[in-house]
Amino acid sequence: GYFAPPGLEAYVTGDDAYVWDLPDATARGGELASGEGALDAKGTFPIATALALPGQRGTETVTVEAEVEDVSRQVLSGRSSVVVHPGEFYVALEPPKDFFVEKGRALEPGLLAVEPSGRPVSGVPITLELIRRVFRTVVEASGEEGSHYESRAVDTTVASCSVKSGSSPARCAVRAPEPGYYLLRATAKDRRQNALAASTSLYVLGEGASPGWFMSDVTRVDLVTDKKMYEVGDTARILVKNPFPEAEALVTVERAGVLTRERVRLTGPTPTVRVPITDAMRPNAFVSVHLVRGRSADPPPRGQDPGAPTFRLGYASLTLNPEARRLAVSVTPSKKEARPGEAIEVDVAVRDRAGKPVRSAVTFYAVDEGVLMLTGYKTPDPIPVFTAPRPLSVVTLDGRDDLARLVVRRLGEGGADKGDE
């Protein structure tokens, strides 16, 4: 189950970022104990189970289920759950303010040790590691002519430092020497030697060795945005996990149609494209990058052709802050009390998020408050309704993908297994 100590909204207390790409990252589950017994004279039956959870990486939930059968064979059942903390305290890690950082820049996050109640624990040794994660990819044969990619995460600790926790965040600095995908991971142990960790991810940009991106059999390229939410006037930076040394790219911004288009040449493993955020993109838009690489090597006499022309297509969502559209409405009557049938004047003021007056169309009505209280009426919030994300209504078709499938189908005619489509 998910749990975070209170008051640490700006910190990460879980190790999900580190565990995410590992082979055993799936959620755990299983039976810890079971048995039977008889209720005592008070109708109770105590259950005692040691909460030893080997390999526990974070907060887990233990559920107890029980069934009681009486003399008439009627059965009643119930269940209750409890949160099992990974240790006596949590390690809290402050993520970098920027998701993209330049090569060589110092990273100095705040580090804390906190009890589940949120109270800081002083004197705990905490180790901060900067881990570079690359994916080693091999091409495995599939059938007589087919093949597929197999990628596995390989981690290398490129920098580390140690601090002792206190009542305020402790800090130490690490630097990334090369571009790529990195993990900031803080680790510690409690008095019972429980291993505790918190981690967050970031991308380091710049010239250098290939980061070794994850490769799959689909013709997709992964895009990463530098923010989760944007304001009008911002410029979004989108990292393209470029699998090619060089490629031509068609960059478009889409939703109900194509808003903008640009052709650029991308070089290196960590190129970024910039997209100005405009009011026309509300409430959200999608950026698309279509990579095309020509032939990079002569075709071999037989077998796989890694230098053949190829392409990749990727999308990322750009979400605009819906709160920027919220208006503050104030209603001020000329009298606090009035008799039935008496006319009163009401001043209505509408201001934007910056507190400036806004010319608006106002619907004004007066309702008996007693009636509203009887119905449990609550003033509806229009923002989630009118700024809800809209789906992508543009379809991208590439004839090369269809042609490749057609060729495979023809090779497979005659009953011979020629591999997967």
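Strand β6, residues 110-114, is covered on both faces: G110, L112 and V114 on one side and L111 and A113 on the other are all buried. Put as a count, five of its five residues are buried. The model is a predicted one, and the description of β6 and of everything below refers to that prediction.

The neighbours of β6 come next. Strand β3 (residues 90-93) runs antiparallel to β6 and is joined to it by four bridges. Within this pairing, V91 stands opposite A113. β6 also pairs with β9, again in the antiparallel sense, over two bridges. Here G110 of β6 faces R171 of β9.

Just past β9 there is a covalent link. C161 and C172 form a disulfide, with their sulfur atoms 2.0 Å apart. C161 belongs to strand β8 (residues 146-164), whereas C172 sits in the loop between β9 (170-171) and β10 (174-175), eleven residues apart from its partner. The link is right-handed, with 65 degrees about the S-S bond. Are these two cysteines buried or exposed? Both C161 and C172 are buried. The count for the structure comes to one disulfide.

Strand β17 (residues 272-276) gives another pattern. Its side chains alternate: V273 and V275 point to one face and are buried, while T272, R274 and P276 point to the other face and are not. Strand β14 (residues 235-240) runs antiparallel to β17, and five bridges join the two. One of the residue pairs is T235 with P276 of β17.

After β17 the chain enters the loop that leads to β18 (284-293), and P283 lies in this loop. The peptide bond between R282 and P283 is cis, with omega about -5 degrees. N284 follows in strand β18. The side chain of N284 reaches the backbone nitrogen of R390 at 2.8 Å. N284 counts as buried because its relative accessible area is 2%, against a cut-off of under 20%.

Two other backbone features concern phi. Most residues other than glycine have a negative phi, and most peptide bonds are trans. R73 has a positive phi of about 65 degrees although it is not a glycine. R73 is placed in the loop between β1 and β2 (75-84), and its relative accessible area of 66% makes it exposed. Q193 likewise has a positive phi of about 65 degrees without being a glycine. The loop that holds Q193 lies between β11 (180-189) and β12 (195-205). Q193 is exposed, with a relative accessible area of 54%.

Charged side chains make further links. How many salt bridges are found in the whole structure? The search gives 23. One of them joins R132 and E178, at 3.9 Å from N to O. This pair links distant parts of the chain, with R132 in strand β7 (residues 125-142) and E178 in the loop between β10 and β11, 46 residues apart. R132 counts as buried because its relative accessibility is 10%, whereas E178 is partly exposed at 30%.

A salt bridge also forms between R353 and E231, whose closest N and O atoms are 3.0 Å apart. R353 lies in the loop between β21 (346-351) and α2 (369-375), and E231 in the loop between β13 (223-225) and β14, so the pair ties together parts that are 122 residues apart in sequence. E231 is partly exposed, its relative accessible area being 26%.

Between strands β15 and β16 the salt bridge to look at is R265 with E246, at 3.3 Å from N to O. R265 is in strand β16 (residues 258-267) and E246 in strand β15 (residues 246-254), 19 residues apart. R265 has a relative accessible area of 47% and is therefore partly exposed; E246, at 42%, is also partly exposed. R265 and E246 belong to a network of salt bridges that links E246, E248, R263 and R265.

The surface also has a nonpolar part. L39, F45, I47, V64, V68 and L76 make a nonpolar surface patch of about 560 Å². Among them, F45 lies in the loop between α1 (16-19) and β1 (60-69). F45 is partly exposed, with a relative accessible area of 41%. Residues of such a patch need over 30% relative accessible area, so the value of 41% lets F45 take part.

Key
Residues are numbered from 1 along each chain as its sequence is written. This is a predicted model: local features need pLDDT of at least 70, side-chain atom pairs count only at pLDDT 80 or more; totals for chains, interfaces and linings use all residues. Side-chain values use heavy atoms; hydrogens and water are left out. Buried means under 20% relative accessible area, exposed over 50%, partly exposed in between (1.4 Å probe, protein chains only). Two strands pair if DSSP finds at least two bridges between them. A disulfide is a pair of cysteine sulfur atoms within 2.5 Å. Patches are made of residues with over 30% relative accessible area and no salt bridge: like charges are joined within 9 Å, nonpolar side chains (Val, Leu, Ile, Met, Phe, Trp, Tyr) within 5 Å. Accessible areas come from the Shrake-Rupley method with a 1.4 Å probe; for residues, only the protein chains shown count as cover. A salt bridge is a side-chain nitrogen of Lys or Arg within 4 Å of a carboxyl oxygen of Asp or Glu. A polar contact is a pair of N or O atoms within 3.5 Å; within protein, one must be able to donate a hydrogen and the other to accept it, and residues adjacent in sequence count only if both atoms are side-chain atoms.
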